[in-house]
Amino acid sequence: MMLVRRLLLQRTTAVSCRRLLTTLENQSNGTTGERHIFDRLRQELVPTKLAVTDSSGGCGSMYVVEIEAECFRGLTRVKQTKLVNALLKEELKEMHGMRVICTVPSQI
């Protein structure tokens, strides 16, 4: 996983960095659960876009995760979602459900 992370960091463009920083700034006001999921995914997948929203009204039982990452390229949507779910395996045990929306960065 470290090699994938290193390769992804080398490919990151200035545009991707700006988008990630904007997303990071916006996430700083989230709930504890949102921040925990956000930090975990950011650390493992090095996304270009990431947003985590507690859709249960703040109680932490349902989340919506929108993530764009280069590591999803070439994977089916099912495999992309399974990758996210595997990273959040322990967190999923404590919640009712999670909606995951995965995308691949566009090549400019």
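Good morning. Two strands count as paired if DSSP finds at least two bridges between them. With that term in place, I shall present this structure, which is a predicted model.

I begin with the pair formed by β1 and β2. Strand β2 covers residues 62–68, and 6 bridges join β1 to this strand, the two running antiparallel. Within that pairing, Thr-53 stands opposite Val-64 of β2. Asp-54 also has a bridge partner in β2, namely Tyr-63.

On its other pairing, β2 is joined to β3 by 7 bridges, and here the strands run parallel. One position to look at is Val-65, which stands opposite Val-100 in β3.

Taken together, these strands form an open sheet of 3 strands in the order β1-β2-β3, with mixed pairing. Why do β1 and β3 each have one side without a neighbour in the sheet? Strands β1 (49–54) and β3 (97–103) stand at the edges, and each has a single partner strand, so one side of each is left free of a sheet neighbour. From one strand to the next, the twist averages 10°.

Let me now place the sheet within the chain. The protein has 5 helices and 3 strands in its secondary structure. Starting at the N terminus, the elements follow the order α-α-α-β-β-α-α-β.

Two of the helices lie across the sheet. Helix α3, residues 32–45, lies across β1 and β2 and runs at about 155° to β1. Helix α4, residues 77–87, lies across β2 and β3, running at about 125° to β3.

I turn next to the interior. Of the 108 residues in the protein, 37% are buried. Is strand β2 largely enclosed or largely open? Of its 7 residues, 5 are buried, so β2 is largely enclosed by the rest of the structure.

Glu-68 deserves a moment of attention. This residue is found in strand β2. Its relative accessible area is 7%, and buried means under 20%, so Glu-68 is classed as buried. The side chain of Glu-68 makes a polar contact of 2.5 Å with the side chain of Thr-48.

Which residues have the most contacts inside the largest nonpolar core? That core has 19 residues, and the ones with the most contacts inside it are Leu-41, Ile-67 and Val-84. The elements giving two or more residues to this core are α3, β1, β2, α4 and β3. Helix α3 gives the most, with 4 residues.

Val-84 offers a useful view of this core. If we leave aside neighbours within four places in sequence, Val-84 is in contact with Leu-41, Leu-45, Ile-67, Phe-72, Met-98, Val-100 and Cys-102. We have already met Val-100, as the residue in β3 that stands opposite Val-65.

Two figures describe the protein as a whole. Among contacts with a separation of 6 or more, 56% are between residues 24 or more positions apart. The accessible surface comes to about 6,800 Å², and 54% of that belongs to carbon and sulfur atoms.

To close, I return to the sheet. Its order is β1-β2-β3, with β2 joined to β1 in antiparallel fashion and to β3 in parallel fashion. Helix α3 lies across β1 and β2, while helix α4 lies across β2 and β3. Thank you for your attention.

Technical notes: Residues numbered from 1 in each chain as written. Predicted model: local features only at pLDDT ≥ 70, side-chain atom pairs only at ≥ 80, totals over all residues. Heavy atoms only, no water. Axes fitted to C-alpha atoms, helices over the stretch in contact; angles between N-to-C directions. Contact = heavy atoms within 4.5 Å. Buried < 20%, exposed > 50% of the residue type's maximum accessible area, 1.4 Å probe, protein only. Polar contact = N/O pair within 3.5 Å; in protein donor to acceptor, adjacent residues only side chain to side chain. Areas by Shrake-Rupley, 256 points an atom, 1.4 Å probe, with all protein chains shown as cover. Core = buried A, V, L, I, M, F, W, Y, C linked by side-chain atoms within 4.5 Å.
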